[in-house]
Amino acid sequence: MSDSVPEILNLPAKPGTMVRAVREQRGWTLAEVSERTGLSVSTLSKVENDKMSLTYDKLSRISKGLGIDIGQLFAADTAPSEAVPARTLAFSGRRSLSRSGEGSVIDTPNYGHVYSATELLNKQMVPIFGQPKARTLAEFGELLRHSGEEFSVVLEGAVMFHTELYAPVLLQTGDSVYFDSSMGHAYLRVGDGPCRVLTVCSDGPSLAAAGYPPTMDEPQLVQAPASQDSAEPAPAKPSPRPKSRKR
(Lines give C-alpha, C1' and ligand atoms only; values in the text may rest on other atoms or scores of the structure.)
Protein backbone atom coordinates (compact mmCIF):
# COMPACT_ATOMS: atom_id res chain seq x y z
CA MET A 1 0.00 0.00 0.00
CA SER A 2 1.44 3.42 -0.95
CA ASP A 3 1.96 6.17 1.58
CA SER A 4 -0.72 8.30 -0.07
CA VAL A 5 -3.48 5.77 0.61
CA PRO A 6 -4.56 5.56 4.27
CA GLU A 7 -5.02 2.17 5.84
CA ILE A 8 -8.66 1.29 6.37
CA LEU A 9 -9.42 -0.19 9.77
CA ASN A 10 -12.45 -2.45 9.70
CA LEU A 11 -12.20 -4.36 12.96
CA PRO A 12 -14.65 -6.88 14.43
CA ALA A 13 -16.30 -5.34 17.48
CA LYS A 14 -16.34 -7.26 20.76
CA PRO A 15 -18.78 -5.44 23.05
CA GLY A 16 -18.68 -8.30 25.54
CA THR A 17 -15.30 -7.09 26.80
CA MET A 18 -16.79 -3.78 27.94
CA VAL A 19 -19.96 -5.40 29.28
CA ARG A 20 -17.93 -7.66 31.55
CA ALA A 21 -15.60 -4.83 32.61
CA VAL A 22 -18.44 -2.49 33.58
CA ARG A 23 -20.36 -5.24 35.34
CA GLU A 24 -17.36 -6.35 37.41
CA GLN A 25 -16.36 -2.79 38.25
CA ARG A 26 -19.82 -2.12 39.66
CA GLY A 27 -20.02 -5.45 41.43
CA TRP A 28 -23.09 -6.62 39.56
CA THR A 29 -23.97 -10.20 38.88
CA LEU A 30 -25.24 -11.41 35.52
CA ALA A 31 -28.68 -11.73 37.12
CA GLU A 32 -28.63 -8.05 38.12
CA VAL A 33 -27.61 -7.00 34.62
CA SER A 34 -30.37 -9.23 33.28
CA GLU A 35 -32.91 -7.31 35.36
CA ARG A 36 -31.55 -4.01 34.10
CA THR A 37 -31.47 -4.95 30.42
CA GLY A 38 -34.30 -7.46 30.03
CA LEU A 39 -31.89 -9.96 28.45
CA SER A 40 -31.53 -13.45 29.83
CA VAL A 41 -28.52 -14.50 31.90
CA SER A 42 -27.55 -17.07 29.27
CA THR A 43 -27.61 -14.40 26.55
CA LEU A 44 -25.45 -12.04 28.61
CA SER A 45 -23.00 -14.83 29.36
CA LYS A 46 -22.63 -15.55 25.64
CA VAL A 47 -22.14 -11.85 24.97
CA GLU A 48 -19.39 -11.52 27.55
CA ASN A 49 -17.60 -14.54 26.09
CA ASP A 50 -17.95 -13.26 22.51
CA LYS A 51 -20.14 -16.20 21.54
CA MET A 52 -23.08 -14.08 20.33
CA SER A 53 -23.36 -11.13 17.97
CA LEU A 54 -25.85 -8.44 18.92
CA THR A 55 -28.32 -6.46 16.86
CA TYR A 56 -28.77 -2.75 17.47
CA ASP A 57 -31.85 -3.21 19.65
CA LYS A 58 -29.93 -5.44 22.10
CA LEU A 59 -26.89 -3.15 22.09
CA SER A 60 -29.20 -0.27 22.95
CA ARG A 61 -30.83 -2.20 25.80
CA ILE A 62 -27.44 -3.16 27.23
CA SER A 63 -26.04 0.38 27.09
CA LYS A 64 -29.12 1.79 28.81
CA GLY A 65 -29.14 -0.98 31.39
CA LEU A 66 -25.47 -0.39 32.22
CA GLY A 67 -25.92 3.40 32.13
CA ILE A 68 -23.21 3.95 29.52
CA ASP A 69 -23.13 5.34 26.00
CA ILE A 70 -23.65 2.81 23.24
CA GLY A 71 -20.34 3.87 21.68
CA GLN A 72 -18.44 2.58 24.71
CA LEU A 73 -19.46 -0.96 23.83
CA PHE A 74 -17.11 -0.73 20.85
CA ALA A 75 -14.20 0.73 22.84
CA ALA A 76 -12.53 -2.48 23.99
CA ASP A 77 -9.34 -0.62 24.94
CA THR A 78 -11.16 1.87 27.19
CA ALA A 79 -10.99 1.19 30.90
CA PRO A 80 -14.42 1.08 32.54
CA SER A 81 -13.31 3.80 34.96
CA GLU A 82 -13.36 6.15 31.98
CA ALA A 83 -16.98 5.36 31.23
CA VAL A 84 -19.41 8.24 31.57
CA PRO A 85 -23.20 8.19 31.66
CA ALA A 86 -24.86 8.93 28.35
CA ARG A 87 -25.48 12.61 27.47
CA THR A 88 -23.99 14.21 30.55
CA LEU A 89 -21.40 16.31 28.71
CA ALA A 90 -21.73 19.27 26.37
CA PHE A 91 -19.75 19.20 23.12
CA SER A 92 -19.04 21.84 20.51
CA GLY A 93 -17.47 21.41 17.11
CA ARG A 94 -16.52 17.75 17.41
CA ARG A 95 -16.00 15.66 14.29
CA SER A 96 -15.45 12.05 13.29
CA LEU A 97 -14.12 11.07 9.87
CA SER A 98 -14.65 7.53 8.55
CA ARG A 99 -13.17 6.22 5.33
CA SER A 100 -15.16 3.96 3.04
CA GLY A 101 -15.82 0.64 4.78
CA GLU A 102 -14.16 1.76 8.01
CA GLY A 103 -15.81 1.04 11.34
CA SER A 104 -16.61 -1.55 13.97
CA VAL A 105 -18.08 -4.74 12.55
CA ILE A 106 -20.83 -6.82 14.12
CA ASP A 107 -22.10 -9.73 12.06
CA THR A 108 -25.52 -11.16 12.94
CA PRO A 109 -27.58 -13.87 11.20
CA ASN A 110 -29.82 -11.22 9.57
CA TYR A 111 -27.43 -8.32 9.02
CA GLY A 112 -23.79 -7.53 8.51
CA HIS A 113 -23.29 -4.25 10.42
CA VAL A 114 -20.51 -1.66 10.28
CA TYR A 115 -20.86 0.97 13.02
CA SER A 116 -19.25 4.33 12.22
CA ALA A 117 -17.96 7.11 14.51
CA THR A 118 -17.81 4.75 17.48
CA GLU A 119 -15.07 6.83 19.13
CA LEU A 120 -17.59 9.63 19.70
CA LEU A 121 -19.65 9.18 22.85
CA ASN A 122 -22.97 10.82 23.71
CA LYS A 123 -24.10 10.83 20.09
CA GLN A 124 -27.73 11.64 19.43
CA MET A 125 -27.64 9.47 16.30
CA VAL A 126 -26.09 6.07 15.63
CA PRO A 127 -25.04 5.56 11.97
CA ILE A 128 -24.92 1.95 10.76
CA PHE A 129 -24.03 0.53 7.36
CA GLY A 130 -25.95 -2.72 6.95
CA GLN A 131 -26.01 -5.64 4.55
CA PRO A 132 -29.32 -7.53 4.85
CA LYS A 133 -29.00 -11.31 4.59
CA ALA A 134 -32.44 -12.85 5.14
CA ARG A 135 -34.81 -13.07 2.17
CA THR A 136 -38.04 -14.14 3.93
CA LEU A 137 -39.72 -13.35 7.24
CA ALA A 138 -39.54 -17.02 8.16
CA GLU A 139 -35.79 -16.83 7.74
CA PHE A 140 -35.57 -13.47 9.55
CA GLY A 141 -37.55 -14.48 12.62
CA GLU A 142 -39.07 -12.03 15.10
CA LEU A 143 -39.27 -8.42 13.96
CA LEU A 144 -36.82 -6.02 15.59
CA ARG A 145 -37.95 -3.06 17.68
CA HIS A 146 -36.18 -0.50 19.84
CA SER A 147 -36.83 2.95 21.26
CA GLY A 148 -36.31 6.04 19.16
CA GLU A 149 -36.75 6.72 15.47
CA GLU A 150 -34.92 5.45 12.42
CA PHE A 151 -33.99 6.70 8.96
CA SER A 152 -32.71 4.32 6.27
CA VAL A 153 -31.66 4.82 2.68
CA VAL A 154 -30.80 2.03 0.24
CA LEU A 155 -27.29 2.62 -1.10
CA GLU A 156 -27.10 -0.41 -3.35
CA GLY A 157 -29.50 -3.11 -4.50
CA ALA A 158 -33.03 -3.43 -3.16
CA VAL A 159 -34.76 -4.47 0.07
CA MET A 160 -38.29 -5.39 1.05
CA PHE A 161 -39.17 -3.34 4.12
CA HIS A 162 -41.58 -5.00 6.55
CA THR A 163 -43.34 -3.47 9.57
CA GLU A 164 -46.06 -4.74 11.85
CA LEU A 165 -48.50 -1.92 10.99
CA TYR A 166 -47.99 -1.40 7.25
CA ALA A 167 -47.95 -3.53 4.13
CA PRO A 168 -44.46 -4.52 2.90
CA VAL A 169 -42.86 -2.01 0.54
CA LEU A 170 -40.03 -2.45 -1.95
CA LEU A 171 -37.17 0.01 -1.47
CA GLN A 172 -34.73 0.35 -4.35
CA THR A 173 -31.43 2.21 -4.64
CA GLY A 174 -31.93 5.80 -3.51
CA ASP A 175 -35.26 5.14 -1.75
CA SER A 176 -35.51 5.97 1.93
CA VAL A 177 -37.85 5.49 4.88
CA TYR A 178 -38.25 7.28 8.23
CA PHE A 179 -40.26 5.57 10.95
CA ASP A 180 -40.90 4.97 14.63
CA SER A 181 -38.50 2.13 15.41
CA SER A 182 -40.48 0.90 18.42
CA MET A 183 -42.71 -0.58 15.71
CA GLY A 184 -41.51 -4.05 14.71
CA HIS A 185 -39.51 -3.92 11.46
CA ALA A 186 -37.21 -5.88 9.18
CA TYR A 187 -35.16 -5.32 6.03
CA LEU A 188 -35.16 -8.31 3.68
CA ARG A 189 -32.69 -8.75 0.86
CA VAL A 190 -34.08 -8.75 -2.71
CA GLY A 191 -32.16 -10.22 -5.64
CA ASP A 192 -28.73 -11.82 -5.87
CA GLY A 193 -26.61 -8.69 -6.31
CA PRO A 194 -24.92 -6.52 -3.67
CA CYS A 195 -27.23 -4.95 -1.10
CA ARG A 196 -26.28 -2.12 1.28
CA VAL A 197 -28.40 0.11 3.50
CA LEU A 198 -27.38 3.12 5.56
CA THR A 199 -29.43 3.34 8.75
CA VAL A 200 -29.35 6.19 11.27
CA CYS A 201 -30.97 5.43 14.63
CA SER A 202 -31.88 7.91 17.33
CA ASP A 203 -31.48 6.76 20.90
CA GLY A 204 -34.28 8.84 22.37
CA PRO A 205 -37.80 7.72 23.22
CA SER A 206 -40.04 7.02 20.27
CA LEU A 207 -43.30 8.86 19.74
CA ALA A 208 -45.20 5.71 20.68
CA ALA A 209 -43.17 5.33 23.89
CA ALA A 210 -43.90 8.98 24.70
CA GLY A 211 -47.62 8.36 24.44
CA TYR A 212 -48.31 9.91 21.05
CA PRO A 213 -50.95 10.03 19.79
CA PRO A 214 -52.74 10.43 23.13
CA THR A 215 -55.30 7.78 23.89
CA MET A 216 -58.87 8.56 24.88
CA ASP A 217 -60.77 6.46 27.38
CA GLU A 218 -64.09 7.44 25.83
CA PRO A 219 -65.02 9.01 22.49
CA GLN A 220 -65.11 12.78 22.72
CA LEU A 221 -68.17 14.43 21.16
CA VAL A 222 -67.67 17.87 19.66
CA GLN A 223 -70.72 20.08 19.07
CA ALA A 224 -70.72 22.96 16.62
CA PRO A 225 -71.38 26.37 18.22
CA ALA A 226 -74.95 27.57 17.89
CA SER A 227 -75.59 30.26 15.28
CA GLN A 228 -77.08 33.62 16.18
CA ASP A 229 -80.40 32.61 14.69
CA SER A 230 -80.57 29.57 16.89
CA ALA A 231 -79.03 31.21 19.94
CA GLU A 232 -82.44 32.33 21.28
CA PRO A 233 -84.81 29.61 22.35
CA ALA A 234 -87.69 29.03 19.97
CA PRO A 235 -91.07 30.18 21.27
CA ALA A 236 -93.07 27.44 22.87
CA LYS A 237 -95.89 26.09 20.81
CA PRO A 238 -99.35 26.66 22.35
CA SER A 239 -100.89 23.62 23.87
CA PRO A 240 -103.71 22.21 21.79
CA ARG A 241 -107.18 23.21 23.15
CA PRO A 242 -109.32 20.30 24.21
CA LYS A 243 -112.23 19.62 21.91
CA SER A 244 -115.68 20.25 23.35
CA ARG A 245 -118.06 17.35 23.38
CA LYS A 246 -121.44 17.86 21.71
CA ARG A 247 -124.48 17.25 23.75
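## R94 and its surroundings

In this predicted model, R94 counts as partly exposed because its relative accessibility is 33%, a value that lies between the limit of under 20% for buried residues and the limit of over 50% for exposed ones. R94 is found in the loop that runs between helix α4 and strand β2, the latter covering residues 103-107.

Once its neighbours within four places in sequence are left aside, R94 is in contact with L120, L121, N122 and K123. One of these partners, L120, is 26 residues away from R94 in sequence, and yet the C-alpha atoms of the two residues are 8.5 Å apart in space.

## The chain as a whole

The protein chain to which these residues belong has five helices and ten strands. Of its 247 residues, 36% are buried. When contacts with a separation of 6 or more are considered, 66% of them in the protein chain are between residues 24 or more positions apart, and the pairing of R94 with L120, which are 26 residues apart and in contact, can serve as an illustration.

## Helix α4

Helix α4 spans residues 56-66, and it is mostly covered, since eight of its eleven residues are buried. The buried residues are Y56, D57, L59, S60, I62, S63, G65 and L66. After the helix comes G67, a residue whose phi is positive, with a value near 75°.

## The second largest pocket

Helix α4 also takes part in an open space on the protein, for it gives the most to the lining of the second largest pocket, with three residues. This pocket has a volume of about 340 Å³, and 14 residues line it, with T55, D57, K58, E142 and L144 lying nearest its centre. When the lining is sorted by class, it has five nonpolar, four polar and five charged residues.

## R145 and its partners

R145 is placed in the loop between α5, which covers residues 137-140, and β5, which covers residues 149-156. Is R145 buried, exposed or partly exposed? It counts as partly exposed because its relative accessibility is 35%, which is neither under 20% nor over 50%.

Apart from neighbours within four places in sequence, R145 is in contact with D57, E164, S181, S182, M183, G184 and H185, and D57 in this list is one of the buried residues of α4. With E164 there is also a polar contact of 3.0 Å, which joins the side chains of the two residues. A further residue, T163, is 18 residues from R145 in sequence, and the C-alpha atoms of this pair are 9.7 Å apart in space.

## S181, a buried partner of R145

S181, which is in contact with R145, is found in the loop between β8 (176-180) and β9 (185-190). S181 counts as buried because its relative accessibility is 0%, whereas R145 counts as partly exposed.

Not counting residues up to four places away in sequence, S181 touches R145, H146, S147, G148, E149 and E150. In the case of E149, the backbone nitrogen lies 3.5 Å from a polar atom of the side chain of S181.

## The enclosed cavity

How many cavities of 30 Å³ or more does a search of the whole structure find? The search finds one, and about 180 Å³ of space lies in the largest cavity. Of the 16 residues that line this cavity, Y111, H113, E150, Y187 and T199 are the closest to its centre; E150 is also among the residues that S181 touches.

Several elements share in this lining, since α4, β3 (111-115), β4 (125-132), β9 and β10 (196-202) each supply at least two residues. The element that gives the most is β4, with four residues. By class, the lining divides into nine nonpolar, five polar and two charged residues.

## Cysteines and disulfides

A disulfide is a covalent bond between the sulfur atoms of two cysteines. A search of the whole structure finds zero disulfides. Two of the cysteines can nevertheless be described by their surroundings: C195 counts as buried because its relative accessibility is 3%, and C201 is buried as well, because its relative accessible area is 2%.

Notes
Residues numbered from 1 in each chain as written. Predicted model: local features only at pLDDT ≥ 70, side-chain atom pairs only at ≥ 80, totals over all residues. Heavy atoms only, no water. 1 Å grid on protein atoms, 1.4 Å probe; cavity = no way out; pocket = protein on both sides within 12 Å on 5 of 7 lines; lining within 4 Å. Points joined across faces, edges and corners; volume = space filled by probe spheres on them. Nonpolar A, V, L, I, M, F, W, Y, C, P; charged D, E, K, R; others polar. Disulfide = S-S within 2.5 Å. Buried < 20%, exposed > 50% of the residue type's maximum accessible area, 1.4 Å probe, protein only. Contact = heavy atoms within 4.5 Å. Polar contact = N/O pair within 3.5 Å; in protein donor to acceptor, adjacent residues only side chain to side chain.
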